[in-house]
Amino acid sequence: MIPNQWYAIAEVKEIKPGKPTSMRRVGENLVLWRDNAGQLVCMLDLCPHRGAALSGGKIVDGCIECPFHGFQYDREGQGKFIPANGIKAPVPQVFRAQTYTVREEHGFVWLWYGEKRESYPPLPFFDDLDDSFVYGSVAVHWRSHYTRSIENQLDVSHLPFVHKNTIGRGNRTLVNGPYVTLENDTISVWVDNRVDDGTPPTKPTKMPMPMSPPLLIFRFPNIWQNRLGNDFRIVAAFAPIDDENSMVYVRTYQRVKRPNRLHWWTAQITAQFNRLVLREDQKVVETQRPKIAGLDIGERFIPGDRPIALFLIHRRDLIEAANRGSNARQGAEVVALADAEIDWSVADEGEIRPNLPYDLLPREGNRAVGRSRMKEPVVG
Ligand code: FES
Ligand SMILES: [Fe+2]
């Protein structure tokens, strides 16, 4: 886990109304519930009295009541009532449940993983995904660490193999570049895969500066977007459960002028298609060992792995910077680090192709391309 970050950990709709909701996230058992004002509260699912799970209890007068001896804790975690001591007895300070700072925005529950603060940085979502979009969503439990789940969605060379019957049709095995940037804790990836015609791929450093928006965008610590068109996106959140498990939340966003039943159905059908594609990824990703991705685990990179390399390098840098109390590096410095640190093996073989088309990029205003994108997203 990278300290001092907002993690999307759940869909808001998973919080049960009027009672505690338990979930395992960020390596802990958590309980989420709403106080009298409807404000979301998140606590360690552990009663400071004798260690029972608070989630087995109920909400009483804006407090959570432990199912074991009926102790009540307010939204700050402070014990308010110990039935065995009588209604008039003050509750000692030591009866205090551990709380986490949480927010609800964009339909996700966000948890601040780090020290409590006076004020917090903004949530790392995609600002352009406003109310003009409708979305359908699926949630899948993967037996993989969330870093492996993220790697998978930054992996631009697996499609013709893992998704050969769905989104990877067309045998575009050869990877030009890809062109990748890292700014403001955001990785942007321009993808240009093609059928292998015997000519070598273009190496990443020789890819020209793209003019179109990136196809893939990843915002640390755990949010991803596949920009299939101006009005059509796939967004995923990779919620850490523990060292061996993660939740993958995938949404299909569609911008519509006046949402109607048909849009809703389209969103649901696309969400089910995403479920199928996710299952193809899941089957492979769950086999990866070691469970946690990293730079020092003896794995090798090819040039097509550049987005993954930047993810791992920046992740390490963010962890180190958080521990130092400073800012992580950004931009070309990180890209240079990847080139210095990683043995790209065949990276120098490629030539520049003239008029590189970036032909998998969605083109604004091109409806035909937009439609084909909907059928064949580039990364799932
Ligand atoms: S264990 Fe929770 S009140 Fe005793
Ligand atoms: Fe995939």
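I count two strands as paired if DSSP finds at least two bridges between them, and I keep that criterion in mind throughout, since the model I am reading is a predicted one.

**Entry 1: strands β3 and β4.** I looked up the pairing of β3, residues 28-34, with β4, residues 40-44, and found five bridges between these strands, in the antiparallel sense. Tracing the ladder residue by residue, I noted that Arg-34 has Leu-40 of β4 as its bridge partner.

**Entry 2: the sheet around them.** I then followed the neighbours outward and found an open sheet of four strands, ordered β2-β3-β4-β9, with antiparallel pairing. Because β2 (21-25) and β9 (99-100) each have a single partner strand, they stand at the edges, and one side of each is left without a neighbour in the sheet.

**Entry 3: strand β14 and its partners.** Which strand do eight bridges join to β14? I found that it is β13, residues 174-183, and that the two run antiparallel; in this ladder Leu-174 lies opposite Arg-194 of β14. The hairpin of β13 and β14 has two residues between the strands, and there I recorded a positive phi near 50° for Asn-184. I also looked up the pairing of β14 with β15, residues 216-219, which is antiparallel over four bridges, and I noted Leu-216 in β15 as the bridge partner of Val-189.

**Entry 4: burial of β14.** How many of the nine residues of β14 are buried? I noted seven for this strand, residues 186-194, so β14 is largely enclosed by the rest of the structure.

Methods
Residues are numbered from 1 along each chain as its sequence is written. Chains are lettered from A and ligands numbered from 1 in the order in which they are written. This is a predicted model: local features need pLDDT of at least 70, side-chain atom pairs count only at pLDDT 80 or more; totals for chains, interfaces and linings use all residues. A residue is buried if 20 or more other C-beta atoms lie within 10 Å of its own, exposed if 12 or fewer, and partly exposed in between; C-beta atoms are placed from the backbone.
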